[in-house]
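This report goes from the whole chain to a few selected sites. Please keep the sequence and the structure in view while reading.

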Amino acid sequence: MKSSRLIIAADIGATKTIVAAYSGDFRPRDPVLEKKYLTADFDGLAPMLKAFGEDLGHAVSCAVLGIAAPISAGTARMTNLPWIFREEELSREVGYPITFINDLEAIAIAVPYLAKGDFVVLSEGAPLPGGNIAVIAPGTGLGEAFLTWDGKRYRPHASEGGHADFGPRNFLETELFGYIHAHLEHVSYERLLSGPGIYNIYSFLKDRCYGKEPAWLGEELTRAGDPTPVIVDNAMDPKKKCEICRATLKLFASILGAEAGNLALKVKSTGGIYVAGGIPPRILPYLEGPEFLESLQSKGRQTFLVSSMPVRVITNPGMGLLGSAIAAFENACL
């Protein structure tokens, strides 16, 4: 390890956090130390970063943290955890300058640096050089971002589009909207296209008799702390033949495709549509099925436009960290 100060980058989510330190030349895929934490195991970011610093045992120059939260004037208010952070306060606590960026902005930063093994192609399309790029990422929540070309490089833009109103497209989805609205005042896409959203869809199908819950599955769900992995694992296991689990992921994939197409239209992403986040790689066969692409490309009079856009699923789980590291290197920690 070089004696110079190190740069820190992090991908901070509501469920898990990855923190890494880097030294030397521009090598954002090659940290000198990387640690994974359960976010809720800490009372805040300062204790987590201090714990990482103790393991690192080396001076830090600065840090860029990608956080699953809207960033405004150096303040991050997490959506799925009751945490609020301020750059100045956190910098004082840990002893080095810290910059926040939105977690989806971090993933967007990494998109131009994707390697061949980082993604799976769902539709080759016909990308336009310098065309805008859309990024949508279901995980603990639903993130959305996009990139625009400034004549020299792609520039990332964060958004909170995942919290936009869910728009039903047919009778089933209208009934789904009513079911969720009976429990929640605001029905956003995140309420469906996320880990908790998968369970919301499952509960709807079960309670409205669109699928039957086998007794063994009910027992598994009762024992589980988090029902979503149980639903996903059983939907992915061909031996289980869990029809309600499969129906859940098919409906999830269809709604995800529709919202990915909505985002593509809004930002005119002729450079491509990238599906990221923790869920897509785990349910890839359902995104490769007809429900996802048909919903994405079925846009009425603009179907021809969306159908020409490349569609890729990012399978590398470290894109948020990679983007934060790239931002730290390229901008000297901003």
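## Burial and the basis of the model

A residue is called buried when its relative accessible area is under 20%, and exposed when that area is over 50%. The structure discussed here is a predicted model, and the values below are computed from it.

## Overall architecture

The protein contains 12 helices and 14 strands, and its C-alpha trace extends about 60 × 50 × 40 Å along the principal axes. For a chain of 334 residues a compact globule would be expected to have a radius of gyration near 20 Å, and the 20 Å found for the protein agrees with that expectation. Of the contacts with a sequence separation of 6 or more, 68% are between residues 24 or more positions apart.

Buried residues account for 51% of the 334 residues. The accessible surface amounts to about 15,400 Å², and carbon and sulfur atoms contribute 51% of it. The protein carries 32 positive and 37 negative charges, whose mean positions lie 4 Å apart.

## Helix 3 and its surroundings

Helix 3 covers residues 103–110, and because 8 of its 8 residues are buried, the helix is largely enclosed by the rest of the structure. The buried set includes the acidic residues Asp-103 and Glu-105, together with Leu-104, Ala-106, Ile-107, Ala-108, Ile-109 and Ala-110. At the N-terminal end the helix is capped by Asn-102, which places a side-chain oxygen 2.8 Å from the backbone nitrogen of Leu-104.

Some of these helix residues also appear in the surroundings of Ala-145, a residue of strand 11 (residues 142–149). With a relative accessible area of 1%, Ala-145 is buried. Beyond its neighbours within four places in sequence, Ala-145 is in contact with Leu-104, Glu-105 and Ala-108, with Ile-133, Ala-134 and Val-135, with His-157, Ala-158 and Ser-159, and with Leu-263. By contrast with these contacts, the C-alpha atoms of Ala-145 and Leu-221 are 33 Å apart, and the two residues are separated by 76 residues in sequence.

## Ser-254 in helix 8

Ser-254 is located in helix 8, and its relative accessibility of 13% is the reason why it counts as buried. Which side chains make polar contacts with the side chain of Ser-254? One contact, of 2.8 Å, is made with the side chain of Arg-169, and another, of 2.9 Å, joins Ser-254 to the side chain of Ser-295. When residues up to four places away in sequence are set aside, Ser-254 touches Arg-169 and Ser-295 as well as Glu-173 and Glu-291.

## Two lysines with positive phi

Most residues other than glycine have a negative phi. Against that background, Lys-241 has a positive phi of about 50° although it is not a glycine, and Lys-268, which is likewise not a glycine, also has a positive phi of about 50°.

Where do Lys-241 and Lys-268 lie? Lys-241 belongs to the loop between helix 7 (227–236) and helix 8 (243–267), whereas Lys-268 is found in the loop between helix 8 and strand 13 (272–275). Lys-241 counts as exposed because its relative accessibility is 62%, and Lys-268 counts as exposed because its relative accessibility is 52%.

Methods: Residues numbered from 1 in each chain as written. Predicted model: local features only at pLDDT ≥ 70, side-chain atom pairs only at ≥ 80, totals over all residues. Heavy atoms only, no water. Buried < 20%, exposed > 50% of the residue type's maximum accessible area, 1.4 Å probe, protein only. Helix = DSSP H or I, 4+ residues; strand = E, 2+ residues; numbered from the N terminus. Polar contact = N/O pair within 3.5 Å; in protein donor to acceptor, adjacent residues only side chain to side chain. Rg over C-alpha atoms; globule rule 2.2 N^0.38 Å. Contact = heavy atoms within 4.5 Å. Areas by Shrake-Rupley, 256 points an atom, 1.4 Å probe, with all protein chains shown as cover. Lys, Arg positive; Asp, Glu negative; His and termini not counted. Charge placed at Lys NZ, Arg CZ, Asp CG, Glu CD.
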